[in-house]
Protein chains: 2
Amino acid sequence: MHKGRLYLIPSLLADSKVDSVIPEGTLAIIRRLNYFIVEEIRTARRFLIKASISKTIDELTFLIFNEHTKELNLREFLACTAEGHDVGLLSEAGVPCVADPGSRIVAEAHEMGIQVIPLTGPSSILLALMASGFNGQNFCFSGYLPADKALRIKKIKELERTIQEKDQTQVFIETPYRNLHLFDSLIAVCHENTRLCIVAGVTGDEAYIATKPIGTWKKIRPDINRKPAIFLLYH
Amino acid sequence: MHKGRLYLIPSLLADSKVDSVIPEGTLAIIRRLNYFIVEEIRTARRFLIKASISKTIDELTFLIFNEHTKELNLREFLACTAEGHDVGLLSEAGVPCVADPGSRIVAEAHEMGIQVIPLTGPSSILLALMASGFNGQNFCFSGYLPADKALRIKKIKELERTIQEKDQTQVFIETPYRNLHLFDSLIAVCHENTRLCIVAGVTGDEAYIATKPIGTWKKIRPDINRKPAIFLLYH
């Protein structure tokens, strides 16, 4: 019997419409799958309805995998592939396995010899890098910076040093309600000429995209409180 | 008068079909633009025809920007925006401004106060990261490794050290005809347990995606000669 495959399925960002960011090829695969590994059933159902699946939600099997999942039984998430069923790993927002825990499932799939097929969709990190005007030939994504202020400042200094040493764009994120704390640390710590790009709500109608030197940011307070944002630094 | 905007337009990877990787929203914008900044007119025309633009190619204005372009007059590429025309920055393959020189144009747009709008499409680097099963919460793209063998080996050792120190996925590329040279250096230098993921021809019918420990790769010669490939290392 043909072994099932693992599809990596992007979801929406911000308030964008499905057909503005999800290719028809990705939608066609979503519509024929019956098994989904999801972080949260409620948001997954909402996305699948927007993606115009023709079957009812009750016909689908959802397996929940998120940061609370015990990792002892990763194989069970992929058990359906032994019976020939394809399974989709669906992100909460953007592409799976980037800035989310999904890569553990993919690693297990490789060990089990299951074919892994990544599908195209929106990634806030990639879109922010494109839009920044910064070096896209050498860049680093560090995830969340430390919440502790002293450690955060130490990390920012380290990132700024790496920009110079490696000519490397630095990309990072923050929990939305802490965005302005991070912004304040950045303008306090970085050199006047270091450029900061902030991208919030990308692909949405209210997208905010701006690249300016730190010296200029000191005179502007961006409207990014509680909005999912990407921060990028470059010289 | 309304000032024109700069759209960042992804193109195809490998031999994939337009609607399998380019969202309808991206296509709709491509179809209404009259000005395009491109690396090479021939490939740009070929892509635009595939994207089913309804106007004839002669109605479009192409501005050529690539690694040979003198950077003195970047503003001229964006001059049409002053007359209210939107302009599209089109990649040769995948998304613009990542692993290509387009980011210089975007940086200029920010300085000129032109709105920058990144559009969704396929990125071989991002798709490879998703498919690798490696850490997507901390990763680094280093572009091309040195062509000189001794320098390449030194760089690989440095990347492998960083994986351990920062729990960071390392992503890099090679000129396709040198892929197997890079592969040979990787299996010669890296620890048996370090995992290597190779992704070639992603989104195409002949996509090659495999993650294995270096010890296992020593027994396999991947069929990646002269194919655009992404290499990823992680512990």
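The following exchange covers the two domains of chain A and the open sheet of chain B in a predicted model.

In this predicted model, local features need pLDDT of at least 70 and side-chain atom pairs count only at pLDDT 80 or more, while totals for chains, interfaces and linings use all residues. Residues are numbered from 1 along each chain as its sequence is written, and chains are lettered from A and ligands numbered from 1 in the order in which they are written.

Colleague: How far apart do the C-alpha centres of domain 1 and domain 2 of chain A lie?

Modeller: The domain assignment, whose bounds come from an automatic or database source, places domain 1 of chain A at 6-118 and domain 2 at 124-234. Between the C-alpha centres of these two domains of chain A the separation is 29 Å.

Colleague: How many residues does domain 1 of chain A bring to the contact with domain 2 of chain A?

Modeller: Residues are in contact if their C-beta atoms, placed from the backbone, lie within 7 Å. Domain 2 of chain A gives nine residues, and domain 1 of chain A gives nine residues.

Colleague: Which strands are the edge strands of the open sheet in chain B?

Modeller: Strands here are DSSP runs (E, at least two residues), numbered from the N terminus, and two of them pair if DSSP finds at least two bridges between them. The five strands of this open sheet of chain B pair in parallel, in the order E3-E2-E4-E1-E5. Pairing on one side only marks the edge strands of chain B, E3 (61-64) and E5 (116-118).

Colleague: Which residue of E3(B) is the bridge partner of B:Ile37?

Modeller: Strand E2 of chain B, residues 35-38, runs parallel to E3(B) and is joined to it by four bridges. In E3(B), the partner of B:Ile37 is B:Leu63.

Conventions:
Two residues are in contact if their C-beta atoms, placed from the backbone, lie within 7 Å.
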